[in-house]
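Student: Please take one helix of this model and look at it closely. Then set it against the rest of the chain, with every cut-off stated.

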Amino acid sequence: MTRTLLRGARIITLGQHRPDWEHADILIESDTILEVGPSLDSTGADIIDLDGRIIHPGLVNAHLHTWQTGLRTIGTDWTLAQYLANTHGTIAHYYRPEDMRIAALAGGLGQIDCGITTIGDWCHNNPSPAHSDAAIEGLVESGVRAVFLHGAPYTRIAADSAREIDRLLNGPGRRHDLLTIGMAIRGPQLSSAGRAIDDLRTARERGIIASMHQTGGVMKPAWAQVYERGLFGPNVNIAHGAGLSDEWVEILVDAGVTFTSTPENELGQGHSDPVTAQLLPLGAAPSLGTDTDCVTNGDLHTSARIALAYQRGTGHNKHRQEVGIFSPTTPVTSRQALEWATIEGARTLGLADRVGRIEPGMQADLVVLDPRTITMWPAHDCIAAALNAHPGAIEAVMVAGRWRKQDHALIRTDLPHVLDALTESGNRIIEKFESPDLLARARQQAVDRIAGHRMRKQLGTPVSRTSHRRR
């Protein structure tokens with residue numbers, strides 16, 4: 001097995017009872033960290049001198065939608081309502097399997113370029129198995145570690161997904177070491193209690209993550225029905241959680257549920273305030289995500305800094321209301337924010353035993369930061385440097401012991417081809433979206449599907465899955 005010794009850098013391990021950073025070597029064998037410490041034995045190892053650099057665990061983007069990579073910036077000024085109407089009501093219908101593949105490939109590569117080694121890919125545009133397989137193919141080709149959270153399009157009637165989940169678990173989920181299968185479910189806010197209960201049972205029985213959206217604070221009775229059946233637990237993740245009552249946040253935290261905040265998107269689009277302020281007093285913490293490239297960029301450093309600034313502002317305002325002046329101490333630290341972007345993300349995705357920290361036995365998912373730039377030097381505080389990094393300052397990225405970025409560039413010879421294919425895909429989809437005739441037709445089809453389902457429900461006629469397939 002190959003051995004690699006990383007020498008000379010300042011290391012942020014994020015391990016318990018370890019300093020914020022330390023001068024140490026990292027010895028890697030194959031895909032695993034063997035040792036972390038000063039002056040390690042280099043016998044039989046390839047030595048890489050990283051003097052002046054900072055090494056930290058790979059970042060974990062716990063919530064994003066790579067299938068929207070080709071739509072970057074189209075919805076910068078969209079509210080949440082506009083995003084849902086445009087992206088899910090119209091644009092999603094124009095995706096071919098190949099569009100899913102190239103978006104996932106480019107999305108995964110973009111994440112690696114940002115120092116993100118693990119993603120929770122919330123893929124809710126899978127009208128067919130071919131779409132799912134193509135998205136997975138793109139993720140695997142990119143080299144990113146991914147939890148593929150499978151979900152059905154929002155414009156389709158929620159159906160039993162157990163069969164498709166089993167197909168994925170017995171296929172791609174077994175074939176690819178860096179890929180894990182999970183479920184992107186609608187949950188009790190966006191589906192019936194029965195559907196939410198069935199989905200959560202499917203996930204629990206298979207030992208996989210089930211993630212759901214909850215935003216805006218609308219609490220349907222279905223939440224209580226799910227809770228009464230004991231289906232909220234550590235394998236359940238809530239994306240956003242914005243607007244939940246303090247009581248419900250406490251109930252869910254006590255049950256072991258994890259939360260993922262995407263603060264830039266939540267504040268900008270109107271989800272409601274990030275859930276962070278409700279979690280911290282309970283001894284819990286959020287993981288972080290970037291959500292959709294339609295609206296925000298995919299750099300998790302931005303999410304971490306916004307989450308940190310928002311929470312600090314919340315703490316200062318609370319203190320000001322109580323005593324008339326800002327807090328004399330920092331309400332939340334930079335290290336906490338970095339842990340949200342690493343350790344908490346790993347826990348959310350069920351990977352806490354593999355990634356998120358630099359320790360013996362963990363996977364060698366590492367980021368090499370070169371702070372010797374005019375925008376970052378001198379880097380007196382390594383944690384702050386890690387939070388304030390940008391893709392241009394990230395010299396190298398390793399996933400499972402394999403370099404995916406070195407010398408400030410992705411290790412790909414086909415990037416121009418990838419970019420061209422992504423451009424073609426995005427342009428074709430957006431042109432269809434902007435076509436008045438196609439837009440009117442797509443909206444009418446959505447109305448017809450919903451109306452047809454309601455009428456069959458009223459008449460007691462069974463709803464056929466095939467009758468809702470887009471023709």
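Tutor: What follows starts with helix H9, then turns to salt bridges, a surface patch and the whole chain.

The model is predicted: local features need pLDDT of at least 70, side-chain atom pairs count only at pLDDT 80 or more, and totals for chains, interfaces and linings use all residues. Residues are numbered from 1 along each chain as its sequence is written, and side-chain values use heavy atoms, with hydrogens and water left out.

Helix H9 covers residues 246–254. Helices (H or I, at least four residues) and strands (E, at least two) are DSSP runs, numbered from the N terminus. The buried residues of H9 are Trp-248, Val-249, Leu-252 and Val-253. Buried means under 20% relative accessible area, exposed over 50%, and partly exposed in between (1.4 Å probe, protein chains only). Down the helix axis, these buried residues fall within an arc of 135°, so they line one face of H9. The arc is taken over the directions from the helix axis to the C-beta atoms.

What does the buried side of H9 pack against? Its partners are helix H8 (222–228), strand S13 (236–240), strand S14 (258–261) and helix H11 (276–279). Contact here means heavy atoms within 4.5 Å. The face turned away from the buried side carries exposed Asp-246, Glu-247 and Asp-254. Just after H9, Gly-256 takes a positive phi of about 95°.

Now the salt bridges. The whole structure holds 27 of them. The criterion is a side-chain nitrogen of Lys or Arg within 4 Å of a carboxyl oxygen of Asp or Glu.

Take Arg-335 and Asp-20, whose side chains meet at 2.9 Å, N to O. Arg-335 sits in helix H13, Asp-20 in the loop between strand S2 (10–11) and strand S3 (22–23), and the two are 315 residues apart. Arg-335 is buried at 17% relative accessibility. Asp-20 is partly exposed at 34%.

Next, Asp-113 pairs with Lys-405, with the closest N and O atoms 2.8 Å apart. Asp-113 belongs to helix H2 (residues 97–113) and Lys-405 to strand S18 (residues 402–406), so the pair ties together parts 292 residues apart in sequence. Lys-405 is buried, at 0% relative accessibility. Asp-113 is partly exposed, at 24%.

Arg-412 and Glu-141 meet at 3.3 Å, N to O, in another salt bridge. Salt bridges that share partners join Glu-98, Arg-101, Glu-141, Arg-412 and Asp-414 into one network.

Now the surface. Val-323, Ile-325 and Phe-326 make a nonpolar patch of about 300 Å². Patches take residues with over 30% relative accessible area and no salt bridge; like charges are joined within 9 Å, nonpolar side chains (Val, Leu, Ile, Met, Phe, Trp, Tyr) within 5 Å. Ile-325 lies in the loop between helix H12 (300–323) and helix H13 (334–340). Its relative accessible area is 45%, partly exposed.

Last, the whole chain. The secondary structure comes to 17 helices and 19 strands. The radius of gyration is 22 Å, close to the 23 Å of the globule rule for 471 residues, so the chain is as compact as a globular protein of that length. That radius is taken over C-alpha atoms, and the rule is 2.2 Å times the number of residues to the power 0.38. Buried residues make up 54% of the 471. Among contacts between residues at least 6 apart in sequence, 75% join residues at least 24 apart.

Definitions and conventions. Accessible areas come from the Shrake-Rupley method with a 1.4 Å probe; for residues, only the protein chains shown count as cover.
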